[in-house]
Amino acid sequence: MRLITAIIKPFKLDDVKAALEQAGVKGMTVSEASGYGRQRGHTEVYRGAEYQVDLVPKVRVEVLVEEDDHEDVLDAIVKAAHTGKIGDGKVWSVPVDTVIRVRTGERGPEAL
Amino acid sequence: MSRARSYAAARKERAADIDRWLTDLFRAATAQPYGREGRGVAPGRGTPDRFDERGAATHAGGGVALVAVGSLGRGELAPGSDLDLVLLHDGRDDIARIADRIWYPIWDSGVGLDHSVRTPDEAAKVAREDLKAVLGLIQARHIAGDAELTRAVREVVLAEWRAEARHRLAELREAADKRAESSGELAFLLEPDLMDSRGGLRDVQAMQAVAAAWVASAPGPRVREAYELLLDIRHALHLVTARGTDRLVLQEQDAVAAALGLLDAEALMRRVAEAGRTIAHAVDGTWRTVDRLLHGPAPRGRRPLADGVVEHGGEVVLARGVNPRNDPVLVLRAAAAAAEAGLPLSPAAVATLAAQSPPMPVPWPAEARDALVALLGAGRAAVQVWEELDQAGVIVRLIPDWERVRHRPQRNPVHRYTVDRHLIETAAGAASFTREVSRPDLLLLAALLHDIGKGWPGDHSATGEIVARDIGARMGLPPADVEVLATVVRHHLLLPETATRRDLDDPVTIKRVADAVGSREVLELLAALAVADGHATGPAAWNSWKAGLVADLVRRVRSVLSGTPPPPAPTLSPEQAALARHGGGAVRVVGGQVTVVAPDRPGLLWRAAGVLAAHRLVVRSASAASAGSTAVIEFSVVPEYGSPPDPATLEADLRLVLAGRLDIEQRLARRTRSLRPPRVPVAPPRVTIVDDASSTATVVEVRAHDRPGLLWRIGRAFGECGLDVRAARVETLGAEAVDVFYVVDRAGRPLVDEAQRAQVRERVLAALR
């Protein structure tokens, strides 16, 4: 199993949600986040004025998926979150040993 | 409404069962072959496990008793309640052993136990030090053993509670306030705590404790009924969740309603709200009685607050000889005065106003609108006053559409309050943003009405727009203002929704918002409302993340919208021009209109304003303009309270001041001293120098909370800076003044020097402090 974390632009959340549903992902955790990457928080020049923001608001999406699905899910997220401009975000995945559904105590892929 | 199922019999039965069980445990525990005569004998000797009925009887009569406090003590045991037990003894050595033999079986049975072992002296001591302990002990109930011991302890504890009522009740009140602050109000929370919320079970128990101190009477039948209902709901909640929880969370509400035989969660929550309001209202009365005990009788003086409204003994009451029957605005004036003074309306005044006020004429007179805006502008203090009026049915009579949102629960996890409380909380919160907008009155009204559409099916923003337009017209707002109000209600979610869901870097997003909003004024209103709305919704609805996104959106939209310049300097009407041609020295008083015509000279405007303030006249609006060497100033004024001053004296004083023969400053200072400082915190004043508004004068905009002599203070500050006020437009919206002054320096030129402009801003701000 894998944990996929995606940091995306807030307005792309609806698209990413739809794409994940398409890809068969049944649940996700969404939180409000802020941070910066390579561009150090600069957004593009807007109407002649450059807005300097230290931390840019982002949305963090986390999903647990089975090993076999994970490449597809990564692709789906990247495609849905893409605008081609700076600050589109990042997606990564890490292996997960154990998952337990709290209500039933099911373990492993059953709990996804 | 059908009655909810009662669990009173089940509770009684359960308490009786537990009593029997505890009595048996107690008997077994005290049935020892040693006892009084066996004192000092080390435990373990003899045959402890042999049951000796006779022995138990003798020991039970001698120096040990099992006492129930808390819900078992009151015989109100819900399925998930813990047992609160006290083992009283007169200093026996074997008490630890007896205690073990009672507590262990209880623990083993899985019932929660809150236990203590005390001698009478220890019990009295802990009662003196611990509020919770004393509250338990004054309602303690004897279960088994030495009844005389229980009686003696109760007697001592009660006697001390009465003797020390003064500071114990102060402690009780403080604890109740803290509890209410952390748990909120039963009637308005979507997931209330039945025990600890204001208006919850704990409040009734506090009333009983006050009654036990012989300070106020015990809760009446309505309160007892509400109390029983809450006990039943708590009982059902324990059954449904199989846990001793007191918080009625959303996901359990349907099941609890079903257990009680009620239609659905909404029917349940409306009943909870009703019971909560009944109890909160009664407990307020009890605390007022307690306060009288604590602080002695209220001062007898009556201090006027507004026309027909006076402060008396820490409450706001109607002035003597006022007849609410022919003054429809009195109710709102009294409410505004109470909120602004941070005082409650007296229950008698509310009852009189509710019973006798005639219907408000439709459209409302301007005075009624101003009073409503002033009430809302008082911020936090408005919430309590609003609640008092609403309980008496006054709000629904003023705004019939309010009925549809009253007590309306919201099945939405981010919301914390019922719709009506959310609206009034938003308005109270919006009061701190009155300086951010050019129309504080519309901000407050929009905040009050933004979710009014939730009373109807469909998208609440769309229905809300229609209802708000109706209400705006009913309140007598000019058509242009009604449109702004309706637009703000329609789009109250536009900024937060766009900011979190649309690409702010996309010019199309910005353009779409700009098109919907139309002007900077509306944008300001929406931005302030978004923050107030978010705060009043709940912790999940607003945070710095969202605030940052909304602020970014507002900044971008503002850059594509142009603002309306401040109103142009007023010009003279033909009639005024005719007056001016006659030259100086004329003062006309017609009703609430005061016209001053005098040779123009520095300081004329504010000196005239000072005279009006010294005569207890509040300037609602003013415009000043000059023609050649003659100035014409029009004031529209209302008396602060009482009858308006005699026009003749007013005129005489104005002439004296214009002739420089009356020290207005001294008179105003005297009046200011006699005024009571406002208790309610208000947003700090703001002074802005508006660029590009006029080529011949510098335009200074002042936004501040209105108070007597405001215009005089501002004008004098200009005078001290060596400036002359060429023209002015002064407006008071509710309790908020938005004033625009056109000023020039001694040479008649606008101010260009940045340092000088900063100094002007500083001086005016200092004068407003």
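In this predicted model, a good place to start is a pairing in chain A, where A:I8 stands opposite A:G89 in β6(A). The two strands involved, β1(A) and β6(A), pair in the antiparallel sense, and seven bridges hold that pairing. A:I8 also has a partner on another strand: in β5(A), its bridge partner is A:V59. Strand β1 of chain A, which covers residues 2–8, is joined to β5(A) by seven bridges, and the two run antiparallel.

A:V59 turns up again one pairing further along. In β5(A), A:V59 is the bridge partner of A:E32 as well. Here the strand on the other side is β2 of chain A (residues 29–35), which runs antiparallel to β5(A) and is joined to it by seven bridges. Put together, these pairings give an open sheet of four strands in chain A, in the order β2-β5-β1-β6, with antiparallel pairing. The edges of the sheet are taken by β2 and β6 (89–95) of chain A; each has a single partner strand, so one side of each is left without a neighbour in the sheet. From one strand to the next, the twist averages 20°. As for β5 of chain A (residues 56–65), seven of its ten residues are buried, so this strand is largely enclosed by the rest of the structure.

Chain A meets chain B through a contact that takes twelve residues from chain A and eleven from chain B. On the chain B side, α22 (494–501) and α25 (544–560) each supply at least two residues. The largest share comes from α25(B), with five residues. Sorted by class, the side of chain B that touches chain A has five charged, four polar and two nonpolar residues.

Chain B itself has 769 residues, and 47% of them are buried. Its secondary structure comes to 31 helices and 15 strands. Taken along the principal axes, the C-alpha atoms of chain B fill a box of roughly 115 × 60 × 50 Å. Among the contacts in chain B with a separation of 6 or more, 70% are between residues 24 or more positions apart.

The chain is divided into five stretches: domain 1 (8–163), domain 2 (166–295), domain 3 (307–398), domain 4 (425–562) and domain 5 (575–768) of chain B. The C-alpha centres of domain 3 and domain 5 of chain B are 30 Å apart. Twelve residues of domain 3 of chain B and eleven residues of domain 5 of chain B make up the contact between them. On the side of domain 3 that touches domain 5, the elements giving two or more residues are α13 (330–341) and α15 (366–377) of chain B. Of these, α15(B) gives the most, with four residues. By class, this side of domain 3 of chain B has six nonpolar, three polar and three charged residues.

Next come the nonpolar cores. In soluble globular proteins, nonpolar side chains tend to be buried together. The largest nonpolar core here has 155 residues, and the members that touch the most others are B:A334 and B:L375. Helix α24 of chain B (residues 520–537) gives the most to this core, with eleven residues. Apart from this core lies another, of 81 residues, with B:V69, B:L169, B:A187 and B:L248 among them. Back in the largest core, and leaving aside neighbours within four places in sequence, B:A334 is in contact with B:V309, B:V316, B:L318, B:L345, B:A349 and B:L353.

B:L248, a member of the 81-residue core, deserves a look of its own. This leucine lies in the loop between α10 (221–241) and α11 (250–259) of chain B. Despite the loop setting, B:L248 is buried, with 26 other C-beta atoms within 10 Å; the cut-off for a buried residue is 20 or more. Once neighbours within four places in sequence are set aside, B:L248 is in contact with B:E191, B:P192, B:L194, B:I233, B:L237, B:Q253, B:V256 and B:V272. With B:E191, the separation is 57 residues in sequence, while the C-alpha atoms of the pair are 5.3 Å apart in space.

Methods. Residues are numbered from 1 along each chain as its sequence is written. Chains are lettered from A and ligands numbered from 1 in the order in which they are written. This is a predicted model: local features need pLDDT of at least 70, side-chain atom pairs count only at pLDDT 80 or more; totals for chains, interfaces and linings use all residues. A nonpolar core is a set of buried Ala, Val, Leu, Ile, Met, Phe, Trp, Tyr and Cys residues joined through C-beta atoms within 7 Å. A residue is buried if 20 or more other C-beta atoms lie within 10 Å of its own, exposed if 12 or fewer, and partly exposed in between; C-beta atoms are placed from the backbone. Two residues are in contact if their C-beta atoms, placed from the backbone, lie within 7 Å. Ala, Val, Leu, Ile, Met, Phe, Trp, Tyr, Cys and Pro count as nonpolar, Asp, Glu, Lys and Arg as charged, and the others, Gly among them, as polar. Domain bounds come from an automatic or database domain assignment. Two strands pair if DSSP finds at least two bridges between them. Axes are lines fitted to C-alpha atoms, for helices over the stretch in contact, and angles run from 0 to 180 degrees between N-to-C directions.
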